[in-house]
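Here are my notes on this model, as numbered points. Please read them with the structure open.

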Amino acid sequence: MVGKIVGTGSYVPDTIWDNHKIAQFVETSDEWIRERTGIGKRHIAGVDTTVSMAIEAAKRAVENAITNGAIASGEEIDAIFVCAVAPEILLPAVACEVQKEVGAIHAFAYDMNAACSGFVFAYNQAVSFMNIGMIKTALIIGSEHLSRITDWTDRGSCILFGDGAGAVVVTAASGPLGMVMHSDGSGGAALVCSHDGKMKMDGQKVFRFAVKSVPECVEELMRQMKIKEEDVDYYVLHQANQRIIEAAAKRLKVSMDKIPMNIGEYGNTSSASIPILLDEMNRKGMLEGGKRIVMAGFGAGLSWGAGYVLTQ
Ligand code: ACO
């Protein structure tokens with residue numbers, strides 16, 4: 001049993017900060033940021049919150065699943081998982097706020113924090129619940145208000161992050177099962193944020209970790225599932241840095257045609273990056289015709305993992 005994407009949605013705030021805007025408050029340039037990261041701009045939440053962005057993305061994903069004929073209403077959703085690293089509220093869970101807005105009255109709902117690995121970890125968890133017969137349909141959301149924990153005086157990190165939310169409705173389908181999840185707390189100091197503070201990152205350490213861990217966990221997943229490169233239509237990787245994605249492609253010997261990217265538009269939106277990208281692919285028709293997708297995420301913790309998902 002594996003997950004099948006039947007609906008997607010996303011929401012990003014209207015306010016856009018391009019690299020020139022960032023150069024107004026730290027010593028940097030559009031050229032440096034583009035060359036080192038591939039990022040051109042990012043969306044910044046003004047009145048939006050983790051909850052409001054999650055709700056909007058979730059509503060769009062549920063509507064899409066209804067339009068696709070996969071579900072009749074939100075009442076068919078059995079579980080809601082929200083990944084968020086910086087929610088403004090501690091209680092109730094963001095996922096419960098989403099539940100009441102999408103009419104998912106039968107769902108259980110809770111939040112998870114696995115940083116940028118969040119979406120992949122939450123998806124794998126949903127598939128695990130599917131495989132023990134506990135749920136059939138899950139709504140998985142990444143909603144990140146990273147600008148509120150970004151240190152806007154640190155040019156080594158503030159250039160990277162953006163706000164936004166992505167949501168995916170998945171239903172249980174027959175297909176090969178595979179999942180990979182890892183954590184290494186001993187490396188956690190590379191990216192930290194205290195509850196009332198700002199993110200501090202050792203960019204080079206995270207970079208070295210990412211270029212190794214992303215291809216390794218993809219290879220581990222494919223070995224586990226006994227699938228080959230030709231059995232995968234797309235590799236949807238966490239959008240952290242264009243150079244990390246290109247290095248992973250090289251190591252995996254995969255053409256960039258199979259590795260969609262949108263980091264230029266949004267920056268690193270942590271757990272929201274994969275579902276925002278999936279939603280863009282869906283709206284462009286790229287998910288049509290039963291696609292087979294490997295997803296991989298990595299981030300603070302340290303944490304990293306991969307998952308396998310089908311489309312309608
Ligand atoms: N503009 C101009 N110069 C800069 C900037 C900037 N924004 N930032 C750093 N520099 C300078 C440095 O001071 C340094 O100068 P020096 O040589 O005079 O000392 C030089 O540029 C090189 O700095 P590096 O840190 O080596 O730059 P690097 O090529 O590693 O790029 C970056 C930095 C973009 C942060 C990169 O390390 C990276 O992307 N790392 C991964 C980060 C990441 O993905 N984090 C998210 C994790 S996911 C999650 O859980 C949220």
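Is α5 mostly covered or mostly uncovered, and how many of its 14 residues are buried? Point 1 takes this up.

1. Keep in mind that this is a predicted model. Helix α5 is mostly covered, with 11 of its 14 residues buried. The buried set starts with G118, F119, V120, F121, A122, Y123 and N124. A126, V127, F129 and M130 are buried as well.

2. The length of α5 checks out. The helix runs over residues 118-131. At 1.5 Å a residue, its 14 residues should span 20 Å. The end C-alpha atoms are 20 Å apart, so the model agrees with the expected span.

3. Look at both flanks of α5. A115 lies in the loop between β5 (108-112) and α5. Its phi is near 50°, a positive value in a residue other than glycine. Most residues other than glycine have a negative phi. A115 has a relative accessible area of 10%, so it counts as buried. Just after α5, G133 also takes a positive phi, of about 80°.

4. Now the ligand. It is surrounded by 27 residues. T28, R36, C116, Q204 and N241 are the closest. By class, the shell has 14 nonpolar, 9 polar and 4 charged residues.

5. Three polar approaches to the ligand deserve a look. An N or O atom in the T28 side chain is 2.7 Å from a ligand nitrogen. R155 uses its backbone: an N or O atom there lies 2.9 Å from a nitrogen of the ligand. In the side chain of N241, an N or O atom is 2.7 Å from a ligand oxygen. On its own, the ligand has 1,000 Å² of accessible area, and the protein covers 74% of that.

6. Which elements give two or more residues to the shell around the ligand? They are α2 (30-37), α6 (203-225), α7 (242-252) and β12 (292-299). α6 gives the most, with 4 residues.

7. The whole structure has 10 salt bridges. One of them joins the side chains of E219 and R251, at 3.1 Å from N to O. E219 sits in helix α6 and R251 in helix α7, so this pair links distant parts of the chain, 32 residues apart. E219 is partly exposed at 26% relative accessible area. R251 is partly exposed too, at 37%.

8. A salt bridge also forms between the side chains of E229 and K258, with N and O 3.0 Å apart. E229 lies in the loop between α6 and β11 (234-237), while K258 lies in the loop between α7 and α8 (263-266). The pair therefore ties together parts that are 29 residues apart in sequence. E229 counts as partly exposed, at 28% relative accessibility.

9. D233 and R292 make another side-chain salt bridge, at 3.0 Å from N to O. D233 is in the loop between α6 and β11, and R292 is in strand β12, so the pair ties together parts 59 residues apart in sequence. D233 counts as partly exposed at 21% relative accessibility. The figure for R292 is 26%, which also counts as partly exposed.

10. K226 is worth checking by eye. This residue lies in the loop between α6 and β11. Its phi is near 55°, a positive value in a residue other than glycine. At 74% relative accessibility, K226 counts as exposed.

11. Two cis peptide bonds should be inspected. Most peptide bonds are trans. A cis bond joins L91 and P92, with omega about -5°. P92 is in the loop between β4 and α4 (94-102). The bond from G301 to L302 is cis as well, with omega near -5°. L302 lies in the loop between β12 and β13 (303-311).

12. Two buried strand residues close the list. H43 is found in strand β3 (residues 41-43). H43 is buried, with a relative accessible area of 10%. A polar atom of the H43 side chain lies 2.6 Å from the backbone oxygen of P13. F81 lies in strand β4 (residues 79-83). F81 counts as buried, at 0% relative accessibility. Its C-alpha atom is separated by 9.5 Å from that of V98, 17 residues apart along the chain.

Note on methods. Residues numbered from 1 in each chain as written. Predicted model: local features only at pLDDT ≥ 70, side-chain atom pairs only at ≥ 80, totals over all residues. Heavy atoms only, no water. Near = heavy atom within 4 Å. Polar contact = N/O pair within 3.5 Å; in protein donor to acceptor, adjacent residues only side chain to side chain. Areas by Shrake-Rupley, 256 points an atom, 1.4 Å probe, with all protein chains shown as cover. Nonpolar A, V, L, I, M, F, W, Y, C, P; charged D, E, K, R; others polar. Expected span 1.5 Å × (residues − 1). Buried < 20%, exposed > 50% of the residue type's maximum accessible area, 1.4 Å probe, protein only. Salt bridge = Lys/Arg side-chain N within 4 Å of Asp/Glu carboxyl O.
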